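Hi there,

Here is the structure I promised to pass on. Have a look at it first, and then read on for what turned up.

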Amino acid sequence: MAETGMTLFDTAVGRCGVAWSDAGLVAVALPAASDAATRALLRRYLATRAHATGPEITDGGDDSRPAEVAVAIARMVELLDGVPDDLADVRVDLSGAPEFHRRVYEVTRSIPPGGTLTYGEVAARLGMPGAAQAVGQALGRNPVPIVVPCHRVLAAGGAMHGFSAPGGIETKRRMLVIEGAIAPPPPTLF
């Protein structure tokens, strides 16, 4: 039986969550409406990956987190504080993802902080020009956002469409501003 767990952690974009197995991170959840909603999302990912859910690890259980998970969390927090880190060496457990999705995630993981690609450019790097919509669908099912930085993939012309994480396009925009990929919006008078 695989050792699994989950925990929540605070970042510059809000309270995120992570679930893991002994094979790596199974899910990363961006801020949801409540901690309960975040935990429910993480449990669904654990269940769909055919892992037995172990005891839930909450904020008081830092000592119970595997060291590798604690380091991954610290690096995600730093990235969302503006410290460039591609997280390329963070192990992820994508055993439940279709082969095409895993290929899309591999290309997406190669996008450095502060950089972006379009869905069409990801498709072209896969040797599948014309598969931009399929790339978008795969990224919409990305179980480990931040580590597989789907927020760095934009529509043609740099447009932001269809970010399925909680907070939608505003969360995507905020993450890209933090990473320096796009300029912050101009200040308002009010």
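Among contacts in the protein chain between residues at least 6 apart in sequence, what percentage join residues at least 24 apart? The answer is 59%. Please keep in mind that this is a predicted model.

**The chain as a whole**

The protein chain contains six helices and five strands. Reading from the N terminus, the order of the elements is β-β-β-α-α-α-β-α-α-β-α.

On overall size, the radius of gyration of the protein chain is 16 Å, which agrees with the value near 16 Å that a compact globule of 190 residues would have. The C-alpha trace spans about 45 × 45 × 25 Å along its principal axes. Of the 190 residues, 46% are buried. The accessible surface of the chain is about 9000 Å², and carbon and sulfur atoms account for 56% of that surface.

**The largest pocket**

You may want to turn the model to this one while you read. The largest pocket has a volume of about 270 Å³. It is lined by 18 residues, and those closest to its centre are L139, G140, N142, S164 and A165.

Which elements each supply at least two residues of this lining? They are β3 (24-29), α1 (35-48) and α5 (132-140). Of the elements, α5 gives the most, with three residues. As for chemical character, the lining of the largest pocket has twelve nonpolar residues, five polar ones and one charged residue.

**The second largest pocket**

The second largest pocket holds about 170 Å³ of space. Its lining is made up of 15 residues, and G24, L25, E68, V69 and R91 lie nearest the centre.

Here β2 (14-21), β3 and α2 (67-79) each supply at least two residues of the lining. The element that gives the most is α2, with five residues. How do the lining residues of the second largest pocket divide into nonpolar, polar and charged? Seven are nonpolar, two are polar and six are charged.

One element to look at in both places is β3, which supplies at least two residues to the lining of the largest pocket and at least two to that of the second largest pocket.

Do write back if you would like to go through any of this together.

Best wishes

Notes
Residues are numbered from 1 along each chain as its sequence is written. This is a predicted model: local features need pLDDT of at least 70, side-chain atom pairs count only at pLDDT 80 or more; totals for chains, interfaces and linings use all residues. Side-chain values use heavy atoms; hydrogens and water are left out. On a 1 Å grid over the protein atoms alone, a cavity is a set of points where a 1.4 Å probe fits but cannot get out, and a pocket is an open set with protein on both sides within 12 Å along at least five of seven lines; lining residues have an atom within 4 Å of a point. Grid points are joined across faces, edges and corners, and a volume is the space filled by probe spheres set on the points. Helices (H or I, at least four residues) and strands (E, at least two) are DSSP runs, numbered from the N terminus. Ala, Val, Leu, Ile, Met, Phe, Trp, Tyr, Cys and Pro count as nonpolar, Asp, Glu, Lys and Arg as charged, and the others, Gly among them, as polar. The radius of gyration is taken over C-alpha atoms; the globule rule is 2.2 Å times the number of residues to the power 0.38. Buried means under 20% relative accessible area, exposed over 50%, partly exposed in between (1.4 Å probe, protein chains only). Contact means heavy atoms within 4.5 Å. Accessible areas come from the Shrake-Rupley method with a 1.4 Å probe; for residues, only the protein chains shown count as cover.
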